[in-house]
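Me: I'm new to this one and would like a friendly walk through it. Could we take it one question at a time?

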Amino acid sequence: MPITSEAAAIPGTMTAVIAEVSGEPDVLTSVQRDTPVPAEGEVLIAVAAAGINRPDIMQRSGALPAPAGVSDILGLEVSGRIVACGKGVDPALSGSAVMALVKAGGYATHVCARADHCLPVPKGISLVEAAALPEGLFTIWHNLFDRGRLRSGEVLLIEGGSSGIGTLALQLATAVGASVIATAGGPEKCARLAAMGVCAIDYREPGCDERILAETKGRGVDVVLDILGGEAVNRHLAVMAPGGRHVGLSFMTGATASIDLGLVMRKGLWLTSSTLRPKTDAEKAGIARDIATHLMPHLGKSSVRPVISSVLPLDEAADAHRLLEGGENFGKIVLLMPDVA
């Protein structure tokens, strides 16, 4: 590891948050750990802030254990400054402000990330905002634009438009010339979505599917970005246009569904799904390159920026989890590191 002014100031230990056992948010606890050393191809980031994501909650609860061989420290996305570079990484990167997708370890004052999974913080975007971007950018590019093939002039339906992913996806979809219909629960969230320039539909009100069809003059939507899964999938198929693409991001209402294959065949529909965590380092690096080319130009220089719902200090990680589980957030929830707070 090159010796730089940043590296010389790296503490021997760091503060981190783990779930000692599976359970409710109260199982989250702060611990002291040795500060990691970047391996070949990695950088060490002094973390400014970390984003909260549903896989964090699923890992904490025991519903989705962390992959074998990764840290038990929670957290999949961070922002901060590079303070050390491993072998094979340009030492000139030291001191750079970056945002990064990490396999684990984001809820900590320091974390190692692969250099090719880092992106520069866009001009005009704060480090707190940047912490809310990596998971969303990787997910949206791979699922919405790569697998879902969303193009200008098409209509996108986002289930869960008020989420961190939803609020970012609707902005990026609009930026490339697509029209967006987004669902949310309650008039307040729908009003905020409408203010962002999309058609907002309250899924708690009857006639949701009929309104989607009415908004598209009966044709249906070209792409569905779905967090619900379960029997909601069949509802989506019914409001999709011929040749439409259904992209599953999560299965909050069920992991299985009975699909009307006749409808799929008659309309020529596509159903696809993917998740980031099991992907290889090389696959994630490829997604990062695509993000840099296709999505980063929309950030900072235009109206596309992450929507931040709440910012809490690291030692209030349990409260951050409660907020996300409660579903009252509009946008992302972010943890701020002690030295930044």
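Me: In what order do the six strands of the open sheet lie?
Reply: Happy to help, and please keep in mind that this is a predicted model. The six strands pair in parallel fashion. Reading across the open sheet, their order is S10-S9-S8-S11-S12-S13.

Me: Which strands stand at the edges of that sheet?
Reply: An edge strand has a single partner strand, so one side of it is left without a neighbour in the sheet. Neighbouring strands here are turned by 20° against each other on average, ignoring direction. The two at the edges are S10 (199–202) and S13 (270–273).

Me: Let's look at S8 and S9. Which residue of S9 is the bridge partner of valine 155?
Reply: S8 (residues 155–158) and S9 (residues 179–184) run parallel and are joined by four bridges. Leucine 157 of S8 stands opposite isoleucine 181 in S9. For valine 155, the bridge partner is serine 179.

Me: Which strands does helix H5 touch as it packs on the sheet?
Reply: Helix H5 covers residues 164–175, and its direction makes about 175° with that of S8. Another helix, H7 (residues 208–215), lies across S8, S9, S10 and S11, at about 165° to S10. As for H5, the strands touched are S8, S9 and S11 (221–226).

Me: Are the residues on the two faces of S8 buried or exposed?
Reply: On one side of S8 sit Val155 and Leu157, and on the other Leu156 and Ile158. Both faces are covered, and all four of these residues are buried.

Me: How are helices H4 and H10 oriented to each other?
Reply: The axes of H4 (residues 134–147) and H10 (residues 281–294) come within 10 Å and cross at roughly 90°. Leu137, Phe138, Trp141 and His142 make the contact from H4, with Lys284, Ile287, Ala288, Asp290, Ile291 and His294 from H10. By class, these are six nonpolar, two polar and two charged residues. Given that crossing angle, the two helices are therefore roughly perpendicular.

Me: How wide an arc around the axis of H11 do its buried residues cover?
Reply: In H11 (residues 317–326), the buried residues are Ala317, Ala318, Ala320, His321 and Leu324. Their cover includes strands S1 (13–19), S2 (28–34), S14 (308–313) and S15 (332–336), along with helix H2 (54–61). The buried residues lie on the same side of H11, because their arc is only 160°.

Me: Which residue follows H11?
Reply: Its phi is positive, near 75°. The residue is glycine 327.

Notes:
Residues are numbered from 1 along each chain as its sequence is written. This is a predicted model: local features need pLDDT of at least 70, side-chain atom pairs count only at pLDDT 80 or more; totals for chains, interfaces and linings use all residues. Side-chain values use heavy atoms; hydrogens and water are left out. Two strands pair if DSSP finds at least two bridges between them. Axes are lines fitted to C-alpha atoms, for helices over the stretch in contact, and angles run from 0 to 180 degrees between N-to-C directions. Contact means heavy atoms within 4.5 Å. Angles under 35 degrees count as roughly parallel, over 145 as roughly antiparallel, 65 to 115 as roughly perpendicular and the rest as oblique. Ala, Val, Leu, Ile, Met, Phe, Trp, Tyr, Cys and Pro count as nonpolar, Asp, Glu, Lys and Arg as charged, and the others, Gly among them, as polar. Buried means under 20% relative accessible area, exposed over 50%, partly exposed in between (1.4 Å probe, protein chains only). The arc is that of the directions from the helix axis to the C-beta atoms.
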